[in-house]
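User: I would like to learn how to read a model of this kind, going from the overall fold to individual side chains. Could you take me through it step by step?

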Amino acid sequence: MKQVAESELKAGLKLLGKVDAYFFDSYEIKHPKGDGAADGCYISKSYDATSHFEISTDDVMDMYQRIYGKPLDLSKTMVDLNQDE
């Protein structure tokens, strides 16, 4: 995995010119084999410390839709913070 990351980023690193130091970390991400519909067992994807909040949120939204059969509508929870004005 590390060698693949280095080879994929090699062209970009050349554009930077002289770099004092850099490092590569790669993590294996696991995915559930099924969607949970057959057995009612809903499993999220694995995460690591570098996961972005948006990616994690997308996975939670996907799980919600798989479990309840409809997308999560958060518009009903919106609060008008300016209602006193």
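Analyst: What follows is a reading of a predicted model, taken from the whole chain to its side-chain pairs.

User: Which secondary structure elements does the protein chain have, and how many residues of the chain count as buried, as a percentage?

Analyst: The protein chain has two helices and zero strands, and of its 85 residues 8% count as buried. A residue is called buried when its relative accessible area is under 20%. As for contacts between residues at least 6 apart in sequence, 22% of them join residues at least 24 apart.

User: What does the chain expose, and which atoms supply that area?

Analyst: The exposed area of the protein chain is about 7,900 Å², of which carbon and sulfur atoms supply 56%. One nonpolar surface patch, of about 310 Å², is made by Leu16, Val19 and Tyr22; Tyr22 lies in the loop between helix H1, which spans residues 2-16, and helix H2.

User: How should I read salt bridges, and how many are there?

Analyst: Side chains of opposite charge can pair when their charged atoms come close. The criterion is a side-chain nitrogen of Lys or Arg within 4 Å of a carboxyl oxygen of Asp or Glu, and by this rule the count comes to two salt bridges.

User: Where is Lys18 in this, and what does its side chain meet?

Analyst: The side chain of Lys18 meets that of Asp20 in a salt bridge, with 3.2 Å from N to O. Lys18 is exposed, with a relative accessible area of 75%, and Asp20 is exposed too, with a relative accessible area of 73%; the cut-off for the term is over 50%.

User: Which residue forms a salt bridge with Asp62, and how are the two placed in helix H2?

Analyst: Arg66 forms a salt bridge with Asp62, and their closest N and O atoms are 3.0 Å apart. Because the two residues are four apart in helix H2, Arg66 and Asp62 are separated by about one helical turn. Asp62 counts as partly exposed, at 37% relative accessibility.

User: What about Gln65: where is its place, and with which residues is it in contact, leaving aside neighbours within four places in sequence?

Analyst: Gln65 has its place in helix H2, which covers residues 53-68, and with those neighbours left aside it is in contact with Lys70 and Pro71. Gln65 is partly exposed, its relative accessible area being 41%, a value that falls between the 20% and 50% cut-offs.

Notes:
Residues are numbered from 1 along each chain as its sequence is written. This is a predicted model: local features need pLDDT of at least 70, side-chain atom pairs count only at pLDDT 80 or more; totals for chains, interfaces and linings use all residues. Side-chain values use heavy atoms; hydrogens and water are left out. Buried means under 20% relative accessible area, exposed over 50%, partly exposed in between (1.4 Å probe, protein chains only). Contact means heavy atoms within 4.5 Å. Accessible areas come from the Shrake-Rupley method with a 1.4 Å probe; for residues, only the protein chains shown count as cover. Patches are made of residues with over 30% relative accessible area and no salt bridge: like charges are joined within 9 Å, nonpolar side chains (Val, Leu, Ile, Met, Phe, Trp, Tyr) within 5 Å.
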